[in-house]
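Open the viewer and get ready to select residues by number. This tour tells you what to pick next and what is there.

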Amino acid sequence: MTTMRETADLDAAVAALDVARSVTILCHVQPDADTIGSGLALALVLHRRGIPVQVSFAEPAELPVSIRSLPGVWHLVAPVEVRDKVDLLVAVDCGSAGRLGALADRLSGAATTMVIDHHRSNTRFGAINVVDPGAESTTSLVARLLDAWGVPIEPDVAHCLYAGLVTDTGSFRWVRPGTHELAERLLSTGIDGAKIARTLLDTHPFGWLPMLARVLGTARLVPEVRGGIGLVYAFVHRHDLDGVRSEEVESVIDIVRTTAEAGVAAVFKQSHAVPDRWTVSLRSRDTGVVVGDGVDVAEVATALGGGGHRFAAGYTAYGSPDDLVAELLAALG
Ligand code: AMP
Ligand code: MN
Ligand code: MN
């Protein structure tokens, strides 16, 4: 459902895109297929209209290998190349300006700023905000925007939008009315949905298997958390990172979160460069005791300096493994 406020936001967004003579699109740090798919889809459309466009995301993360398969990757430029002055800056899939990393400084050089996002923790930091926490992916919002703009979705754009849709819905597990309709529209342009999903989600080097064996060996269950909802967690240490990509590291949470005895799952991922620093993935689900009894992990992550969605969130933490667990247990209450 599109509300009145959203319609006004969409109208303002279309008007801004229509008049912009130059556009910068910024994706979030440690980019995923939703942020890059959203950025490249918009870039492909703008480029076709003859508008100079740059797409970028801040250091230190590199573009995951699997995402390099998306059409329009040639629009991506290094952070240092992102111009200071631009007509319109669009941030995609970013809940706050902090998710732009060092590139947040480009916001002040833009005549207009736009935020397209679906995070519950979104701070509406743009002059124009196309924000719907109910949207299954930011690429769904880009599709809504293209429809409002009257721009047909070509196969290359459909490929980018499908990439965000299939990954952010966990291969169509977390869906709502309209999700499959959008998938159908995108697939009917002729894109190879099976190949896109396989490339993004189902292809790992052999080294993933011994890495998983080590990492899953660190898993612990704390059943008493939050009056019995339970927490399960695991650690990815820096020595586990050798020979595997970010895709392998990010896949760990999807195994850990299947634990039936826990309503909340966490994976602590150690930084290679700064051993004291860890990025943390949180997932939650209804435990089924009472409908809607799942922990809001966006709230927990925001309290710890991060953000995210009700059922998927993250933050950055510093300290020893024991410190990290103690901090999370305290935040969960
Ligand atoms: P991840 O576990 O990295 O897949 O992140 C889950 C969700 O939380 C994603 O939607 C992220 O955008 C969000 N998220 C992760 N880390 C952070 C952070 N440090 N600050 C804000 N949001 C985050
Ligand atoms: Mn994302
Ligand atoms: Mn997203």
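How do the residues of the shell around ligand 1 divide into nonpolar, polar and charged? They split into three nonpolar, seven polar and two charged. Keep in mind that this is a predicted model.

**Stop 1: ligand 1**

Select ligand 1 and show its surroundings. The shell contains Arg-99, His-119, Ser-281 and Arg-283. It also contains Gly-306, Gly-307, Gly-308 and His-309. Ala-312, Ala-313, Gly-314 and Tyr-315 complete the list.

Now show side chains and look for polar atoms. Start with Arg-283: a polar atom of its side chain is 3.0 Å from an oxygen atom of ligand 1. Move to His-309, where a polar side-chain atom sits 3.1 Å from an oxygen atom of the ligand. Then pick Arg-99. An N or O atom in its side chain is 3.4 Å from an oxygen atom of ligand 1.

How much of ligand 1 does the protein cover? On its own, ligand 1 has 480 Å² of accessible area, and the protein covers 76% of that.

Switch to a cartoon view. Three elements each give two or more residues to this shell: strand E9 (277-284), strand E10 (307-308) and strand E11 (312-318). Which of them gives the largest share? E11 does, with four residues.

**Stop 2: the sheet**

Stay in the cartoon view and follow the strands outward. You are looking at an open sheet of six strands. Trace the order E6-E7-E8-E9-E11-E10. The pairing is mixed.

Find the edges next. Strand E6 (220-222) and E10 each have a single partner strand, so one side of each is left without a neighbour in the sheet.

Now select strand E8 (residues 264-270) together with E9. The two run antiparallel and are joined by seven bridges. For one facing pair, pick Lys-269, which stands opposite Thr-279 in E9.

Select Val-280, also in strand E9. Is it buried or exposed? Val-280 is buried, at 3% relative accessible area. Add Tyr-315 to the selection. Val-280 and Tyr-315 are 35 residues apart in sequence, yet their C-alpha atoms are 5.4 Å apart in space. Tyr-315 also belongs to the shell around ligand 1.

**Stop 3: the first manganese ion**

Select ligand 3, a manganese ion. Which residues coordinate it? They are Asp-34 (OD), Asp-93 (OD), His-118 (NE2) and Asp-168 (OD), at 2.1 to 2.3 Å. Along the chain, these donors follow the spacing D-x58-D-x24-H-x49-D.

Compare Asp-34 and His-118. Asp-34 is in helix H2 (residues 33-48), while His-118 is in the loop between strand E4 (110-117) and strand E5 (128-131). They are 84 residues apart, so this pair links distant parts of the chain. Asp-34 is buried, with a relative accessible area of 0%. His-118 is buried too, at 2%.

**Stop 4: the second manganese ion**

Move to ligand 2, another manganese ion. Its protein donors are His-28 (NE2), Asp-32 (OD) and Asp-93 (OD), lying 2.0 to 2.3 Å from it. Their spacing along the chain is H-x3-D-x60-D.

Check how covered the donors are. His-28 is buried, with 3% relative accessible area. Asp-32 is partly exposed, at 27%.

Which residue coordinates both ions? Asp-93 does, and the two ions are 3.7 Å apart.

Zoom in on Asp-93. It is in the loop between strand E3 (86-92) and E4. It is buried, with a relative accessible area of 2%. Look at its backbone as well: phi is near 65 degrees, a positive value in a residue other than glycine.

**Stop 5: strands E4 and E5**

Finish with E4 and E5. They run parallel, joined by four bridges. One partnership to display is Asp-117 with Val-131 in E5.

Show the side chains of E5. Ile-128 and Val-130 point one way, whereas Asn-129 and Val-131 point the other way. All of these are buried. In a regular strand, side chains alternate between the two faces of the sheet.

Last, select Arg-124, in the loop between E4 and E5. Its phi is positive, about 50 degrees, although it is not a glycine. Arg-124 is partly exposed, at 29% relative accessibility.

How values were computed: Residues numbered from 1 in each chain as written. Chains lettered and ligands numbered in written order. Predicted model: local features only at pLDDT ≥ 70, side-chain atom pairs only at ≥ 80, totals over all residues. Heavy atoms only, no water. Near = heavy atom within 4 Å. Polar contact = N/O pair within 3.5 Å; in protein donor to acceptor, adjacent residues only side chain to side chain. Areas by Shrake-Rupley, 256 points an atom, 1.4 Å probe, with all protein chains shown as cover. Nonpolar A, V, L, I, M, F, W, Y, C, P; charged D, E, K, R; others polar. Donors = N, O, S within 2.8 Å, 3.2 Å for Na, K, Ca; no water. Buried < 20%, exposed > 50% of the residue type's maximum accessible area, 1.4 Å probe, protein only. Pairing = 2+ DSSP bridges.
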